[in-house]
Amino acid sequence: MKLTVTGNVKEYADGLTVAKLIELEKVETPMYVTVSVNDEFIASGTFEETVLKEGDSIEFLYFMGGGQR
Amino acid sequence: MQIMITVRMKQTDYEAIVAHARKGLPNEACGLIAGKNDGDVKIVEKVYLLSNPDSSPEHFSIDPREQLTAVKDMRANGIVPLGNFHSHPATPARLSEEDIRLAYDSKASYLILTLADDPPALKAFGVAGGEVSEQGLEVVVS
């Protein structure tokens with residue numbers, strides 16, 4: 001199936017989960033990455049069970065924050 | 001040998017960041033920078049002035065939905081994410097322990113503007129594996 005991952009169209013095996021995609025894409029520090037699928041944010045606790053489908057568009061966003069403390 | 005990264009931005013973008021930071025007082029203000037990589041130089045072509053959902057004078061976070069919108073805009077404009085910026089209303093332009101702890105992207109430049117100085121000083125840093133390196137910061141008159 002074709003997925004658009006961070007703007008690039010790529011071919012993946014059917015049944016791919018968000019967790020597996022993170023692994024395949026070698027996402028750095030994945031525990032701090034927010035994932036959106038078709039502009040909907042996926043709860044981090046559901047990456048293992050969220051199955052992607054043909055045509056999905058996925059974005060990986062790093063949490064960004066900090067402070068002067 | 002360590003590579004020295006330099007962030008180059010237009011004077012108008014620096015001024016926009018300062019205005020955004022002042023408008024956000026007493027809270028921290030934040031946003032994203034995007035542009036192009038030219039060797040060791042990051043050329044800022046667009047600054048995204050975003051909200052700080054934390055509404056705090058000591059903390060900021062970037063709203064993921066605003067971040068997503070900005071990333072799509074970058075892609076549409078043929079530019080890439082270069083990092084982020086935030087303001088320190090009353091402390092120096094240096095990365096705090098909190099900033100370092102939350103700097104997850106080793107490729108990003110982390111810019112800090114201090115409003116404690118006049119004119120406000122803007123500095124750039126990289127963070128990899130908890131190690132901080134100051135980067136060059138050039139503000140050019142366009």
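Reader: Leaving aside neighbours within four places in sequence, which residues is A16(B) in contact with?
Author: This is a predicted model. A16(B) lies in helix α1 of chain B. Setting aside neighbours within four places in sequence, its contacts are V47(B) and L49(B).

Reader: How far apart in space are A16(B) and Y48(B), C-alpha to C-alpha?
Author: Along the sequence, A16(B) and Y48(B) are 32 residues apart. In space, their C-alpha atoms are separated by 9.6 Å.

Reader: Is A16(B) buried, exposed or partly exposed?
Author: Count the other C-beta atoms within 10 Å of A16(B): there are 15. Buried needs 20 or more, and exposed needs 12 or fewer. The count for A16(B) falls in between, so A16(B) is partly exposed.

Reader: At about what angle does helix α1 of chain B run to β3(B)?
Author: Helix α1 covers residues 11-24 of chain B. It lies across β1, β2, β3, β5, β6, β7 and β8 of chain B. Its angle to β3(B) is about 30 degrees.

Reader: What do the strands β1-β3-β2-β5-β6-β7-β8 of chain B form?
Author: These are seven strands, with mixed pairing. Neighbouring strands are turned by 35 degrees against each other on average, direction ignored. Together they form a closed barrel.

Reader: Which residues of β1(B) point to one face and are buried?
Author: In a regular strand the side chains alternate between the two faces of the sheet. Along β1(B), T6(B), R8(B) and K10(B) point to one face and are not buried. Pointing to the other face, and buried, are V7(B) and M9(B).

Reader: What is the bridge partner of M9(B) in β8(B)?
Author: Take the strands first. β1(B) is joined to β3(B) by three bridges, in parallel, and there V7(B) has K42(B) as its partner. β1(B) also pairs with β8(B), in the parallel sense, over five bridges. In β8(B), the partner of M9(B) is V139(B).

Reader: In which sense do strands β6 and β7 of chain B pair, parallel or antiparallel?
Author: Strand β6 spans residues 109-114 and strand β7 spans residues 121-128. One bridge pair is Y110(B) with F125(B). The two strands share five bridges, and their sense is antiparallel.

Reader: How many residues has the largest nonpolar core?
Author: In soluble globular proteins, nonpolar side chains tend to be buried together. Here, the residues with the most contacts inside the largest core are I17(B), I33(B), Y110(B), L111(B), L113(B) and L122(B). Another core lies apart from it, with five residues, among them L21(A) and V35(A). The largest core has 39 residues.

Reader: Why is N84(B) buried?
Author: N84(B) is found in strand β5 of chain B. Its contacts include I33(B), Y110(B) and L111(B). A residue counts as buried if 20 or more other C-beta atoms lie within 10 Å. N84(B) is buried because the number of other C-beta atoms within that distance is 27.

Reader: Which residue of chain A does N84(B) touch?
Author: Neighbours up to four places away in sequence are not counted here. The list for N84(B) includes C30(B), G31(B) and L32(B) from chain B. From chain A it holds M64(A).

Reader: What is the bridge partner of G67(A) in β4(B)?
Author: The contact between the chains takes 18 residues from chain A and 22 residues from chain B. On the chain A side, six are nonpolar, eight polar and four charged. Three bridges join β6(A) to β4(B), running antiparallel. In β4(B), G67(A) is partnered by H59(B).

Key: Residues are numbered from 1 along each chain as its sequence is written. Chains are lettered from A and ligands numbered from 1 in the order in which they are written. This is a predicted model: local features need pLDDT of at least 70, side-chain atom pairs count only at pLDDT 80 or more; totals for chains, interfaces and linings use all residues. Two residues are in contact if their C-beta atoms, placed from the backbone, lie within 7 Å. Ala, Val, Leu, Ile, Met, Phe, Trp, Tyr, Cys and Pro count as nonpolar, Asp, Glu, Lys and Arg as charged, and the others, Gly among them, as polar. Two strands pair if DSSP finds at least two bridges between them. Helices (H or I, at least four residues) and strands (E, at least two) are DSSP runs, numbered from the N terminus. Axes are lines fitted to C-alpha atoms, for helices over the stretch in contact, and angles run from 0 to 180 degrees between N-to-C directions. A nonpolar core is a set of buried Ala, Val, Leu, Ile, Met, Phe, Trp, Tyr and Cys residues joined through C-beta atoms within 7 Å.
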